[in-house]
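Hi,

Here is the structure I promised to pass on. Have a look at it first, and then read on for what turned up in it.

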Amino acid sequence: MLEDYVQAAQQATERVKRLTEEIATQVEDWVLAPLVKNLMAFLGVKLVTATAISAEIGNFQRFEKASSFMAFTGLVPTEHSSGGSRKQGGITKTGNRHVRRLLVEAAWHYYDVRPGASRDLQKRREGVPTEVIDIAEKARLRLRRKALRMRSTHKPPNKITTALARELAGFLWAAAQATHCCGVV
């Protein structure tokens, strides 16, 4: 019985590896390949995540500001205003659900991040413009500080990662603006 589970897990792992390699092959000739490479300079954003975000968004230039991109993903708080009072609630969840989920999953990598970039991250950053690496490093440092600050106030982990995902969206938007490629898919 246990052997069946182990065999099924091995088959699933091999399938994921094979599909990831196929995605890598397809991305090489894609018009958005430079964008995918630059997004992979961020902690928590590997090939599949970068490819999916690039495919879903296409042209980041359509967002005039980072806050517009954050709103598109549904990672901005709801607001109830009347007269002089203003109350903010949970996130709107009105945007692109797939991109929002990818950003939240990537944000978990910032929840308890250690100082310094791993060897894998350093390898993914090879050939990436310095401007994009600087944005990615700024994101890593700022999101790490934010996570530590929010954890010290005993916020629930899901709220912390949602807040980190919102800021990560802004940094990814900035990196996309620095990427000189593409056009629309």
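Before the details, one definition: buried means under 20% relative accessible area, exposed means over 50%, and partly exposed is whatever falls in between, with a 1.4 Å probe and protein chains only. Please keep in mind that this is a predicted model, in which local features need pLDDT of at least 70, side-chain atom pairs count only at pLDDT 80 or more, and totals for chains, interfaces and linings use all residues. Residues are numbered from 1 along each chain as its sequence is written, and side-chain values use heavy atoms, leaving out hydrogens and water.

First, the overall picture. The protein has eight helices and two strands, where helices (H or I, at least four residues) and strands (E, at least two) are DSSP runs numbered from the N terminus. Along the sequence the order is α-α-α-α-β-β-α-α-α-α. Its C-alpha atoms fill a box of roughly 60 × 45 × 30 Å along the principal axes. Of the 185 residues, 38% are buried. Counting contacts (heavy atoms within 4.5 Å) between residues at least 6 apart in sequence, 68% join residues at least 24 apart.

Now to the salt bridges. In general, side chains of opposite charge can pair when their charged atoms come close. Here a salt bridge is a side-chain nitrogen of Lys or Arg within 4 Å of a carboxyl oxygen of Asp or Glu, and the whole structure holds six of them. One of them joins Lys 46 and Asp 120, at 3.4 Å from N to O. Lys 46 sits in the loop between helix 2 (33-39) and helix 3, while Asp 120 belongs to helix 6 (residues 119-124), so this pair ties together parts that are 74 residues apart in sequence. Both partners are partly exposed: Lys 46 has a relative accessibility of 48%, and Asp 120 has 36%.

Asp 120 also forms a salt bridge with Arg 124, with the closest N and O atoms 2.9 Å apart. These two lie four residues apart in helix 6, about one turn of the helix. Is Arg 124 buried or exposed? At 10% relative accessibility, Arg 124 counts as buried. Lys 46, Asp 120 and Arg 124 are thus linked in a network of salt bridges.

Another bridge pairs the side chains of Glu 137 and Arg 140, at 2.7 Å from N to O. Both lie in helix 7, three residues apart, about one turn of the helix. Arg 140 is buried, with a relative accessible area of 6%.

On the surface there are patches, made of residues with over 30% relative accessible area and no salt bridge; like charges are joined within 9 Å, and nonpolar side chains (Val, Leu, Ile, Met, Phe, Trp, Tyr) within 5 Å. Lys 138, Arg 142, Arg 145 and Arg 149 gather in a patch of positive charge, and Arg 145 is placed in helix 7 (residues 130-152).

One last spot to look at is Asn 59, in the loop between helix 3 (47-57) and helix 4 (66-73). Asn 59 is partly exposed, at 21% relative accessibility. Its C-alpha atom is separated by 9.6 Å from that of Gln 177, although the two residues are 118 apart along the chain.

Best wishes

Definitions and conventions: Areas by Shrake-Rupley, 256 points an atom, 1.4 Å probe, with all protein chains shown as cover. Lys, Arg positive; Asp, Glu negative; His and termini not counted. Charge placed at Lys NZ, Arg CZ, Asp CG, Glu CD.
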